[in-house]
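Me: Please take a close look at a single helix in this model. Tell me what it packs against, then work outward to the parts around it.

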Amino acid sequence: MAQSTDTTDWVSRYADEVIAESERRAAGAKSDAAAPVIVVASGLSPSGPIHLGNLREVMTPHLVADEIRRRGHQVRHLISWDDYDRYRKVPAGVPGVDETWAEHIGKPLTSVPAPAGSAHPNWAEHFKSAMVASLRELGVEFDGISQTEQYTSGTYREQVLHAMRHRADIDAILDQYRTKKDPAKGKKQQKPVDEAELEAAEGSGAASEDDGSGGSAGYFPYKPYCGQCEKDLTTVTSYDDESTELAYVCTACGFGETVLLSEFNRGKLVWKVDWPMRWAYEGVVFEPSGVDHSSPGSSFVVGGQIVRQIFDGVQPIGPMYAFVGISGMAKMSSSRGGVPTPADALKIMEAPLLRWLYARRKPNQSFKIAFDQEIQRLYDEWDKLEAKVADGSALPADAAAHSRAVRTAAGELPSTPRPLPYRTLASVADITAGAEDQTLRILGDLDPSAPLASLDEVRPRLDRAENWITTQVPAEARTIVRAEPDAELLSSLDDEGRESLRLLLDGLDSHWSLDGLTHLVYGVPKVRAGFSADATAKELPPEIKVAQRSFFALLYRLLVTRETGPRLPTLLLAVGAERVRKLLGA
């Protein structure tokens, strides 16, 4: 077995563990067949917009699967689309959806109409399609499985009948976790659930699903969907193991019927039985889960016993993954609506950067994805890492995360040929409002020694920066260059202010590049104080920084009416030398 030499890279460590577990299972099976295909899995419920927190459910096994694939092993990444789950609530903030969708609560997601105006046949397909497109852009290779198709085609028939035959054993396992003794009162009480688990359960759907208990006729791990109203508000009233005759009634519409479960396909196992059944059926070796599935008594913990004792299978390696947040927003919950999706993120950042955010943090470490000004710092950090990887100075774990971000076993992801700083591109996009001729002029002036020939050289990063400006920056924070000089402000300047503007204007032509203008605007206050423009911070008194800030504030007021804005060198290039002279009173 190929071993990773990088002990600090979490992906490599899990790949080692998964390969070893797969080989152990193959040895235990005593089969002469070729090396088995290693199965890793994710599960996604298209109950609403599939957000960036859900993406960790996919990216964690994807990164591990891709590492295994790079080592020459066959691996299959399953994504189970839990589209046969019940429709639980109407998510807020979904275009084309109003309160009338509440009438579908309790139906399978594939039986709920898609939002108004959608091109897709049902609710599940509408939200699934957006995620599939994003995963394709992110380079995620997977096999999708529709649980609607699996159940309604009878694929799991034997597993369903087996679970019903062993319902008493399943009930006994679940009962260990449902309640516990209160030593003070000597009676049963509900096990406490911490606040984080409650929050997670609300957002996850599956974590809060009932386990099939509570019926007066006994415990049944199977729930039919009603033959009349299609909802799962049904109660099994009897079941015969020999004939597989099952009777149920619907508490929503009053409909009831008796069916043969050996022929009936309109229902599913309850979640805490369904999940371990799939582990055994698919031979899953690795599947992570959120904190809501990993606490005592939750789906993953209980599933470990059910898969062994009921389905004669093995629980997968299953690390817990932490929440993903958004800068300036609370923890994401798809049931609440309005949360950013992978498609939203890919509009403002390139796919390798988004992959890197998931690759560089261990699954149990939470992190945030920036939709605010922090995205500029994030891109700066990414560009510094790229430079370190290029010159060989990156730490091994950082280099590994970078490699996983920019390529998969299938090849390199698309990248920007000439990756200019994101903050520079955003500033230019802010000022030009997307005018390509102006954008090319400004970007072409950044480095006269290597002028930009076409905007294609800075795409797709330029497009992402433009999207960020137009969709994430409030209108009041946008940069609007003055149309006319501020005559009142110019006339009120003292000698120092006028001399500072003169020094700047005199140096414009000879410093007309990004580096040159940076040197010039920082150098004017130094020269005014009697120092060389090349003097370093160590050579200057603290008052120089104060003078620089005052000078910068003056320039912003004269150019864009505010005392802050895009970096001044970029702003000057964007405005253009002739217009700068006009606005500064030349």
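Reply:
**Helix 13 and its surroundings**

The buried residues of helix 13 pack against five helices: helix 11 (342-348), helix 12 (351-359), helix 14 (396-406), helix 15 (422-432) and helix 17 (461-472). Keep in mind that this is a predicted model.

Start with the helix itself. Helix 13 covers residues 374-391, 18 residues in total. From its first C-alpha to its last it reaches 26 Å, close to the 26 Å expected at 1.5 Å a residue. Which of its residues are buried? They are Ile 375, Gln 376, Leu 378, Tyr 379, Trp 382 and Leu 385. As background, an α-helix has 3.6 residues a turn, so residues three or four places apart point the same way. Just after helix 13 comes Gly 392, with a positive phi of about 80°.

Now the core. The largest nonpolar core has 104 residues. Leu 354, Tyr 358 and Ile 369 have the most contacts inside it. Helix 21 (residues 543-560) gives the most to this core, with 8 residues. Apart from it lies another core, of 30 residues. Leu 161, Met 164, Tyr 219 and Val 302 are among them.

Ile 369 deserves its own list. Setting aside residues up to four places away in sequence, Ile 369 touches Leu 52, Val 324, Gly 325, Ile 326, Ser 327, Met 349, Leu 354, Leu 357 and Tyr 358. Two of the core's best-connected residues, Leu 354 and Tyr 358, are thus on the contact list of Ile 369.

Next, a helix pair for comparison. Helix 16 (residues 436-445) and helix 22 (residues 568-575) pack at an angle of about 130°, with their axes 9 Å apart. The two helices are therefore oblique to each other. Helix 16 passes helix 22 in a right-handed crossing. Arg 441, Ile 442 and Asp 445 make the contact from helix 16, and Leu 573, Ala 574 and Val 575 from helix 22.

Last, helix 2. Helix 2 (residues 55-70) has 16 residues and reaches 22 Å from first C-alpha to last, close to the 22 Å expected at 1.5 Å a residue. Helix 2 is mostly covered, with 15 of its 16 residues buried. Just after helix 2, Gly 72 takes a positive phi of about 95°. Strand 2 (residues 75-81) holds Val 75. Val 75 counts as buried because its relative accessibility is 12%, and the cut-off is under 20%. Leaving aside neighbours within four places in sequence, Val 75 is in contact with Val 37, Ile 38, Val 40, Ala 65, Ile 68 and Arg 69.

Note on methods
Residues numbered from 1 in each chain as written. Predicted model: local features only at pLDDT ≥ 70, side-chain atom pairs only at ≥ 80, totals over all residues. Heavy atoms only, no water. Core = buried A, V, L, I, M, F, W, Y, C linked by side-chain atoms within 4.5 Å. Buried < 20%, exposed > 50% of the residue type's maximum accessible area, 1.4 Å probe, protein only. Helix = DSSP H or I, 4+ residues; strand = E, 2+ residues; numbered from the N terminus. Contact = heavy atoms within 4.5 Å. Expected span 1.5 Å × (residues − 1). Axes fitted to C-alpha atoms, helices over the stretch in contact; angles between N-to-C directions. Parallel < 35°, antiparallel > 145°, perpendicular 65-115°, else oblique. Left-handed = near helix turned anticlockwise from the far one by under 90°.
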